[in-house]
Amino acid sequence: MVMKMGISNPFKDQLHSLTKKLFPWTLYALLPIALLSLYLYPLPFLPSTESELPHSTTTIISHSSPPSFTSTPPPLEKENTFDTPTCDYFNGKWIRDRRGPLYNGTTCGTIKEGQNCIKHGRPDSGYLYWRWKPSECKLPRFEPNTFLQFIENKHMAFVGDSMARNQLESLLCLLSSVSTPDLVYTSGEDNKFRKWHFVSHNASVSVYWSPFLVQGVEKSNDGPNHNKLYLDLVDEKWAKDMEKMDFIVLSIGHWFLHPAVYYEGDSVLGCHYCVGLNHTEIGFYDVLRKALRTTLNSIIDRRGNKGSKIDVLVTTFSPAHFEGEWDKAGACPKTKPYRSREKELEGMDSEMRKIEVEEVEDAKVKGSEFGGVRFEALDVTKLALLRPDGHPGPYMYPFPFANGVPERVQNDCVHWCLPGPIDTWNEIFLEIMKKWEDNPRTQE
């Protein structure tokens with residue numbers, strides 16, 4: 001038997017020896033580079049469920065340069081449509097979301113100063129990184145291009161109190177991420193009547209100040225210290241333009257808590273907290289119902305009878321979160337949402353919401369006689385209740401604690417920071433519009 005003997009290759013042996021010498025040094029060189037990369041670009045270890053998520057923590061933010069809240073979104077989950085029987089967008093919980101908002105106080109130029117919380121020095125940013133997770137489906141992230149396509153060649157009007165304006169300004173910021181609107185009309189004290197035009201889609205979005213929706217005389221320093229409401233007459237300051245509207249978003253509630261005298265026809269029905277006046281105290285729940293019913297009936301009468309098309313959304317009552325005195329530091333101090341069972345919807349907040357939802361359901365029945373009128377409730381009361389961390393608080397004014405903590409400091413625990421939780425209202429609004437698109441009117 002002939003055995004093949006291995007023949008030594010000098011070049012191969014020399015290369016093997018060199019590799020053995022260089023390999024440890026290569027590892028030593030790469031190790032600091034890897035550590036530096038991990039320091040600069042930490043890996044996002046985000047758990048998948050709410051129970052595993054830590055609560056938001058306080059982050060110090062530079063007052064001179066507001067941060068940009070953009071990052072690569074995670075893979076999309078399987079989405080349910082609004083029509084899915086098990087998909088209820090109004091019951092769920094707030095969970096952490098590393099993506100953050102679509103805009104910030106620098107990229108959006110239409111934020112009201114009192115809601116530009118980061119610009120005004122709010123030191124924490126955790127409230128920006130939550131999203132609403134419905135119990136049995138997923139709420140998609142807002143799609144500005146889709147929304148603009150739905151309102152192309154149309155006019156959308158937000159009508160109501162300052163909460164209507166808050167929701168409008170949120171929508172403008174969301175849409176501005178892809179198309180900048182032009183302010184084409186402004187009128188009234190504090191610009192209470194404004195209109196914007198999106199040239200890219202020939203779409204108009206406007207806001208009408210009407211805190212009661214019906215005719216009213218607001219209290220003033222020069223007149224009575226109470227409001228006057230005429231519950232059987234719709235407010236013509238906005239209703240006169242109804243023929244030019246394709247979408248109407250209504251939002252009322254907080255102004256009904258103020259002292260007021262109520263009229264129907266030529267008679268005084270009663271009043272709310274009318275000290276010194278010889279009127280019967282009747283509270284404000286039935287008054288809210290009458291005002292909303294007059295408004296929805298007016299829309300049906302003016303638009304339904306003509307067979308014209310109009311979509312109407314009623315945004316339900318958004319609770320306030322005052323704790324203690326409104327003009328003391330810490331009036332709304334929370335920095336994270338309530339968990340779903342930590343705070344229950346009850347009392348006035350529950351009753352206001354109930355009235356609004358019931359009146360919308362009643363209007364649906366009346367409007368069904370006319371194919372072109374559709375109504376829907378944007379039932380955000382519970383979502384809003386669970387977000388005590390989303391208000392401007394003392395940061396309704398710039399840097400309120402720059403010179404220490406004053407004895408008195410005004411707080412806003414009613415409206416929402418922008419960006420903030422109210423952006424979710426418009427995410428759900430878009431899903432309602434998708435439903436409308438997928439379910440044409442009967443007359444079509």
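**Exercise 1. A partly exposed pair**

Work out how Glu 113 should be classed from its relative accessible area of 41%, and then identify the salt-bridge partner of this residue in the predicted model.

*Solution.* Begin with the cut-offs, by which buried means under 20% relative accessible area and exposed means over 50%, with partly exposed in between. Because the value for Glu 113 is 41%, this residue is partly exposed. Next, look for a lysine or arginine partner: the side chain of Glu 113 meets that of Lys 119 in a salt bridge, with 3.4 Å from N to O. Finally, class the partner, for Lys 119 also has a relative accessible area of 41% and is therefore partly exposed.

**Exercise 2. Two salt bridges within helices**

Explain why Lys 366 and Asp 362 are separated by about one helical turn, and carry out the analysis again for Lys 434 and Glu 431.

*Solution.* Take the first pair, whose side chains meet in a salt bridge at 3.1 Å, N to O. Lys 366 and Asp 362 lie four residues apart in helix H6, which spans residues 347-367, so about one helical turn separates them. As for their surroundings, Lys 366 is partly exposed at 27% relative accessible area, and Asp 362 is partly exposed at 29%.

Turn now to the second pair, in which the side chains of Lys 434 and Glu 431 form a salt bridge of 3.0 Å, N to O. Here the spacing is three residues within helix H8 (residues 423-438), so these two are likewise about one helical turn apart. Their accessibility must be read separately: Lys 434 is buried, with a relative accessible area of 18%, and Glu 431 is buried, with a value of 4%.

To widen the view, note that salt bridges with shared partners link Arg 289, Arg 293, Lys 354, Glu 358 and Glu 359 into one network, and that the structure holds 26 salt bridges.

**Exercise 3. The nonpolar cores**

Which members of the largest nonpolar core touch the most other members, and which residues beyond its sequence neighbours does Trp 425 contact?

*Solution.* The largest nonpolar core has 50 residues, and those touching the most other members are Phe 147, Ile 151, Met 156, Trp 425, Phe 429 and Met 433. Follow Trp 425 further, setting aside neighbours within four places in sequence: the remaining contacts are Trp 94, Gln 167, Thr 315, Ser 318, Leu 378, Val 380, Leu 383, Ala 384 and Trp 416. As a last step, account for a second, separate core, which comprises 41 residues, among them Tyr 208, Leu 231, Ala 239 and Phe 284.

How values were computed. Residues numbered from 1 in each chain as written. Predicted model: local features only at pLDDT ≥ 70, side-chain atom pairs only at ≥ 80, totals over all residues. Heavy atoms only, no water. Core = buried A, V, L, I, M, F, W, Y, C linked by side-chain atoms within 4.5 Å. Buried < 20%, exposed > 50% of the residue type's maximum accessible area, 1.4 Å probe, protein only. Contact = heavy atoms within 4.5 Å. Salt bridge = Lys/Arg side-chain N within 4 Å of Asp/Glu carboxyl O.
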